[in-house]
Amino acid sequence: MKRSDINEIMRSADVFIRQRGFFLPPFAYWSLDDWRDKGSEARDIIENQLGWDITDFGLGDFNRHGLFLFTLRNGRPENWETRKGKLYAEKIMIVGDGQVTPMHFHWSKMEDIINRGGGNLLIQLYNATPDGQLDEEHEIVLSVDGVTRTFKPGEILKLTPGESVCLPQYCYHQFWAEGGRTLVGEVSMVNDDQSDNRFYLEVGRFPSIDENEPPLHLLCTDYERYYKF
Ligand SMILES: [Fe+2]
């Protein structure tokens, strides 16, 4: 992705998020110069990969296959072993009309996906087989806002504004919006985007970036280049 496109997506996302009555924390707006002035007090942001996260899944067409995310809070994966520190995470995402996040599941993370307004969020569902394929035989049983519902393999769940679903581990999901750009929340167990995403087809979780202009704000994958502690 071009850095100029990422900067533009950030500007546009910021407007949309505010329009929907949601607000990002102060560090979202730190400039490159602000980052250069930060010391170890900003460690939590870097170590837990908080902040801006914009991806085209390495497929080169953000509007067709892409996702805007901002990680608001998170802990480290090892917290599960020690039972210390943060064991939960929260993200805010924007899903465009027809913009697909490719089919994937998580080995460790259980996540609630919440439609926070805009259009509808459509989620296609499969269980994963023990060898990581799409299970075409067994129904998927999920809690949709506390109500147990059963889906056929490949069935599409529609979440209208305000609705949410709890996706357990090993539940394949692919999603997109219809009827307009949609603000989507994620409340989950600790999030580890380095090693807890199993995509059905091989895609990249983070984009490669053509640095054609300076970053407006740092992506969560930029910290190691710009911030030394
Ligand atoms: Fe997911």
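**A walk through the sheet, a helix and a core**

Let's start with one pair: Gly51 sits across from Thr71 of strand β2. You are looking at a predicted model, in which local features need pLDDT of at least 70 and side-chain atom pairs count only at pLDDT 80 or more, while totals for chains, interfaces and linings use all residues. Residue numbers begin at 1 along each chain, following its sequence as written.

That pair belongs to a bigger pattern. Strand β1 covers residues 51-55, and β2 covers residues 67-73; five bridges join these two antiparallel strands. (Strands are DSSP runs of E with at least two residues, helices are runs of H or I with at least four, and both are numbered from the N terminus. Two strands count as paired if DSSP finds at least two bridges between them.) Is β1 mostly covered or mostly open? Mostly covered: four of its five residues are buried. Here "buried" means that 20 or more other C-beta atoms lie within 10 Å of a residue's own; 12 or fewer makes it exposed, anything in between is partly exposed, and the C-beta atoms are placed from the backbone.

Now zoom out to the sheet. Eight strands make up an open sheet, and you can trace them in the order β1-β2-β3-β13-β5-β11-β8-β9, with antiparallel pairing. Why do β1 and β9 (147-151) each have one side without a neighbour in the sheet? They stand at the edges and have a single partner strand each, so nothing in the sheet flanks that other side. From one strand to the next, the twist averages 25°. (Axes are lines fitted to C-alpha atoms, for helices over the stretch in contact, and angles run from 0 to 180 degrees between N-to-C directions.) Elsewhere in the sheet, strand β5 (residues 111-115) and strand β11 (residues 164-167) run antiparallel and are joined by four bridges. Look there for Ile114, which stands opposite Ser164 in β11.

Next, find helix α1, residues 3-19. At 1.5 Å a residue, its 17 residues should span 24 Å, and its end C-alpha atoms are indeed 24 Å apart. (The expected span is 1.5 Å times one less than the number of residues.) Which of its residues are buried? Ile6, Met10 and Ala13 are. Viewed down the axis of α1, the buried residues stay within an arc of 75°, so they line one face of the helix; the arc is taken from the directions from the helix axis to the C-beta atoms. These buried residues pack against β1, β2 and β3 (88-95). The face turned away from the buried side carries the exposed residues Glu8, Arg11, Val15 and Gln19. Take Glu8: it has 12 other C-beta atoms within 10 Å, so it is exposed. The C-alpha atoms of Glu8 and Asn127, 119 residues apart along the chain, are separated by 36 Å. After α1 comes Gly21, with a positive phi near 80°.

Speaking of phi, most residues other than glycine have a negative one. Gln49 isn't a glycine, yet its phi is positive, about 55°. You'll find Gln49 in the loop between α3 (43-47) and β1, partly exposed with 19 other C-beta atoms within 10 Å. Asp145 is another non-glycine with a positive phi, about 50°. Asp145 lies in the loop between β8 (140-144) and β9, and is partly exposed with 13 other C-beta atoms within 10 Å.

Loop residues can be buried or exposed, too. Gly66, in the loop between β1 and β2, is buried, with 23 other C-beta atoms within 10 Å. Leaving out residues up to four places away in sequence, Gly66 touches Thr55, Asp56, Phe57 and Gln99. (Two residues are in contact if their C-beta atoms, placed from the backbone, lie within 7 Å.) Asp37, in the loop between α2 (32-36) and α3, counts as exposed, with 9 C-beta neighbours inside 10 Å.

Finally, look inside. The largest nonpolar core has 41 residues, of which Met93, Val95, Ile123 and Leu125 touch the most other members. (Such a core is a set of buried Ala, Val, Leu, Ile, Met, Phe, Trp, Tyr and Cys residues joined through C-beta atoms within 7 Å.) Strand β12 (residues 171-178) gives this core its largest share, five residues. What does Leu125 contact, leaving aside neighbours within four places in sequence? Its contacts are Ile140, Phe151, Glu155, Leu157, Cys171, Tyr172 and His173.

How values were computed. Pairing = 2+ DSSP bridges. Expected span 1.5 Å × (residues − 1).
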